[in-house]
Amino acid sequence: MGAVAQVVVVGAGYAGVMAANRLAATGRSEVGVTVVNPRPDFVERVRLHEHAAGATNAVRPLSGLLHRDVRLRVATVDAIAERSVRLDDGGALAFDYLLYAVGSTVARGLPGVEHAWHVADVDGAEALRTRLRQLPEAARVVVIGGGLTGIETSAEIAYHHPSLNVELVAPALAAWLPDASRTRIAGKLAAAGVVLHTGRRATAVHPDGVATDAGWLPSACTVWAGAFAVPDLARRSGLPVAPDGRLRTDETLVCLDHGRIVGAGDAVAPPRHVAGHLRMSCQAAMPLGAHGADTVLALIRGERPAALSIGMVGQGISLGRRDGFAQATHRDDTPRRFTLSGRAAALVKERVCRFTLGAMRFPRAYRWASGATPTVPEPTPATVR
Ligand SMILES: Cc1cc2nc3c(=O)[nH]c(=O)nc-3n(C[C@H](O)[C@H](O)[C@H](O)COP(=O)(O)OP(=O)(O)OC[C@H]3O[C@@H](n4cnc5c(N)ncnc54)[C@H](O)[C@@H]3O)c2cc1C
């Protein structure tokens, strides 16, 4: 038996836990796996809007999820060097291979956004949960953002805090979905008691309200549900990054310029011909984590890693606990005709959330839909101006 390769997984989210468990389960005699994460818990980010509304607890001990052979180091990685990482507790860890899976968090893209609450990470969701409990009856809560997070968050707050007045402001609601689906979602939000201000863009957040391009919206609690941003660890460490800070990798998830670093999850940017259709999502992070583990094992074994191949299957939207909407998608994430609505859609969404935890516990058996036909070809030198 050869020497055991030391693998450090940075980040214990969906991608990191899947990767660590798959490595430990499939490469038992070949790898020693250490996961570094700032807290000893797994945060079910897909439930953070539920957590904020007080419907559920999205935090669970990592000890119940990680494979028994995976070591957990509770710390934050401050810097990545050639063969080691520096930790915020003064320690360091050497690695033969590193799996970069630091995920994403809130994007600070709007003036005054520090006056808003958010659900992009657990600290944000916890603070919003506290704030919602303090609000007097009939207080106004304004959610900014017409994407999935804004839709789910406004519905969840309206469902669990019926005494509050919940409003949503956004240029458009689920702009990428077919008109019929958007109309259905708008109707469901209205039925849940959410007042919609679509066609309006928020321009700034103030302590007592939201400025928009069509006037002022008073607010006792503003929730910012804009885009996600990634940590700047890769950039700070001198690794190659996309303009938004995601780690640049090749089509097998190996970092460009560093053959011992592999990326997975929200924080990576593989080439467009294999990943241009992948949204920052749990749906993509899980197979990215599993593929990242397979790539690390191939490198350890001196084999050629396989190219990434992930197909999307749909978008599930929870609208409170008893209603939902699901849009089936082609593998390239464009909408199909099939949709599901109401209680059945809420149940499907709940099952998907539970499935993610089950899949991490049985990482060897985990399979995913294969890849999409690229819609946006990778520019070749001939087409780049
Ligand atoms: C409210 C909400 C609802 C969502 N709903 C859905 C949904 O329905 N479907 C879907 O597919 N997706 C959904 N998402 C998106 C999904 O949660 C993310 O895309 C997913 O969590 C990405 O997984 P990840 O493993 O890349 O990162 P994360 O889950 O963000 O995990 C990253 C981990 O890395 C850790 N970390 C960060 N920096 C460091 C460091 N320097 N050192 C050590 N550790 C570090 C973090 O603390 C975290 O534990 C939702 C997100 C939110 C916020």
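1. A polar contact here is a pair of N or O atoms within 3.5 Å. Keep that cut-off in mind as you look at the ligand in this predicted model. An oxygen atom of the ligand sits 3.1 Å from a polar backbone atom of Ser 281, so this pair falls within the 3.5 Å limit. Taken alone, the ligand exposes 1,000 Å², and the protein buries 87% of that.

2. Two further contacts are good ones to find on screen. For Ala 15, the partner is a backbone N or O atom, 2.8 Å from an oxygen atom of the ligand. For Asn 37, a polar side-chain atom lies 2.8 Å from an oxygen atom of the ligand. Try showing the backbone for Ala 15 and the side chain for Asn 37.

3. Which elements give two or more residues to the shell around the ligand? They are helix H1 (14-26), strand E2 (31-37) and helix H8 (282-300). Helix H8 gives the most, with 3 residues.

4. Now for the whole shell. The ligand is surrounded by 32 residues, and the closest are Ala 15, Asn 37, Asp 266, Cys 282 and Lys 349. Sorted by class, the shell has 18 nonpolar, 10 polar and 4 charged residues.

5. Where does the ligand lie with respect to domain 1 and domain 2? Domain 1 (5-104 + 230-311) and domain 2 (113-224) both give residues to the shell, so the ligand lies between them. Notice that domain 1 is written as two stretches of the chain.

6. Let us turn to the sheets. Strands of a sheet pair through backbone hydrogen bonds, either parallel or antiparallel. One open sheet has 4 strands in the order E13-E12-E11-E17, with parallel pairing. Strand E13 (195-198) and strand E17 (221-224) stand at the edges, each with a single partner strand, so one side of each has no neighbour in the sheet. From one strand to the next, the twist averages 20°.

7. You can follow one pairing of this sheet in detail. Strand E11 (residues 140-144) and strand E12 (residues 165-170) run parallel and are joined by 5 bridges. To locate one of them, start at Val 141, whose bridge partner in E12 is Val 166.

8. An antiparallel example comes next. Here 3 strands form an open sheet in the order E14-E15-E16, with antiparallel pairing. Its edge strands are E14 (202-206) and E16 (215-218), and each of these pairs on one side only. Neighbouring strands of this sheet are turned by 20° against each other on average, with direction ignored. Between E14 and strand E15 (residues 209-212) there are 4 bridges, and the partner of Ala 202 in E15 is Thr 212.

9. A last stop is a hairpin. How many residues lie between E6 and E7? There are 3 residues between these two hairpin strands. Strand E6 (residues 77-80) and strand E7 (residues 84-87) pair in the antiparallel sense over 3 bridges. Ile 80 makes a handy landmark, with Val 85 as its bridge partner in E7.

Notes:
Residues numbered from 1 in each chain as written. Predicted model: local features only at pLDDT ≥ 70, side-chain atom pairs only at ≥ 80, totals over all residues. Heavy atoms only, no water. Pairing = 2+ DSSP bridges. Axes fitted to C-alpha atoms, helices over the stretch in contact; angles between N-to-C directions. Near = heavy atom within 4 Å. Polar contact = N/O pair within 3.5 Å; in protein donor to acceptor, adjacent residues only side chain to side chain. Areas by Shrake-Rupley, 256 points an atom, 1.4 Å probe, with all protein chains shown as cover. Nonpolar A, V, L, I, M, F, W, Y, C, P; charged D, E, K, R; others polar. Domains from an automatic or database assignment.
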